[in-house]
Amino acid sequence: MVDSWVVPARGRIVSLLPSATEIVYALGLAERLVGVTHECDFPPEAREKPRLTASTIPHAADASEVDRHVRESLHAGSSLYSLDRTLLEIIAPDLIITQELCTVCAVSYEIVDAAAKGLRGDPRVISLEPASLEDVYANVTTIGALTASQAEATRFVTSLRERAERLRVAVSGKSRPRTLVLEWTDPPYNAGHWTPGLVDLAGGEPLLATPGAYSQTITWDAIVASDPDVVIVAPCGFDLAATLRAIDDLAAREPAWKALRAVRERRAYAIDGNAFVNRPGPRLVDTAELFATAIHGEPIGAAAEDPGAIRRL
């Protein structure tokens, strides 16, 4: 819930979430955005903002190496991300947007909150915790209220809802294929949080999913037994090229993958998970359009026209 606090006129904003950075730009607040994460890459001009975070995850590691590094770091109580407190102090933000949802996805709330308490000016720290597309709409509204951009937020949410409704209508008369989304490949993770709802919006039936909750590891025996009609692979943090490499590794070592009916019938797709599936911001509507394209085997929605977003296997 948003209280009466509002960023001062021309107040300075730091976004420690790529999804929040997208919202800030969508609301026309780019000039007030003075710091972002190393992963904030959309819109492209966000890359020019001062970067306040870095990752300890090895660059170019494959899926199994990333999983091992994450597990070892969490077991040791180490953070996967660092925060440049010196730069944060120089920037002196009025509002810091962060999250508590996932310590694997972004710098932890505890680290951000501790750093903020040492800053002059007592900046406001807000944590976004989306678990569904509706929550993303609410986050847009929240940021709009905190930045005196309520009108812009209302218009933007309305446009997103209209796109989602057009998609719902477009797939309403089609069959609903049983759809498995893998958010990691080694080990395999199912679809959690907002992803099952996007499958439903796209006209599919979510399979082996955990709606509104964390993704979980699943076994290849369970995947084979579920016999999905469609498989979508969108590893967290991987772009399309990295996703295709992960699928190549998977195909080389896991016989169950090639045995899946959806793979044999070429109803398996790779999607840029980093930009779309795993980033709970405005482009989740694009994600639903990409899902619809995969589920129904034909381009549906503007997002399907992006050659770097989806690939049929």
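Okay, let's start with two strands: strand E5, residues 95-99, and E6 pair in the parallel sense, over five bridges. Keep in mind that this is a predicted model. Within that pair, Ile-97 has Ile-126 in E6 as its bridge partner.

Now zoom out a little. Which strands make up the sheet, and in what order? There are four of them, running E2-E1-E5-E6, in an open sheet with parallel pairing. At the edges you've got strand E2, 33-35, and strand E6, 124-128, and each of those pairs on one side only. Going from one strand to the next, the twist averages 35 degrees. There's a helix here as well: H4, residues 109-117, packs on the sheet and touches E5 and E6. The direction of H4 makes about 160 degrees with that of E5.

Back to Ile-97 for a second. What does it contact, if we leave aside neighbours within four places in sequence? Quite a list: Ile-13, Val-14, Ser-15, Leu-16, Leu-17, Ala-20, Val-24, Ile-126, Leu-128 and Ile-143. So you'll see Ile-126 there too, the bridge partner from E6.

That brings us to the cores. The largest nonpolar core has 57 residues, and the members touching the most other members are Leu-27, Ile-97, Ile-271 and Phe-291. And which helix gives the most to this core? That's H13, residues 284-296, with eight residues. Apart from this core lies another one, of 18 residues, including Ile-218, Val-233, Ile-247 and Ala-256.

If you open the model, try starting from Ile-97: it sits in the bridge to Ile-126, and it's one of the residues touching the most other members of the largest core.

Conventions:
Residues numbered from 1 in each chain as written. Predicted model: local features only at pLDDT ≥ 70, side-chain atom pairs only at ≥ 80, totals over all residues. Heavy atoms only, no water. Core = buried A, V, L, I, M, F, W, Y, C linked by side-chain atoms within 4.5 Å. Buried < 20%, exposed > 50% of the residue type's maximum accessible area, 1.4 Å probe, protein only. Helix = DSSP H or I, 4+ residues; strand = E, 2+ residues; numbered from the N terminus. Contact = heavy atoms within 4.5 Å. Pairing = 2+ DSSP bridges. Axes fitted to C-alpha atoms, helices over the stretch in contact; angles between N-to-C directions.
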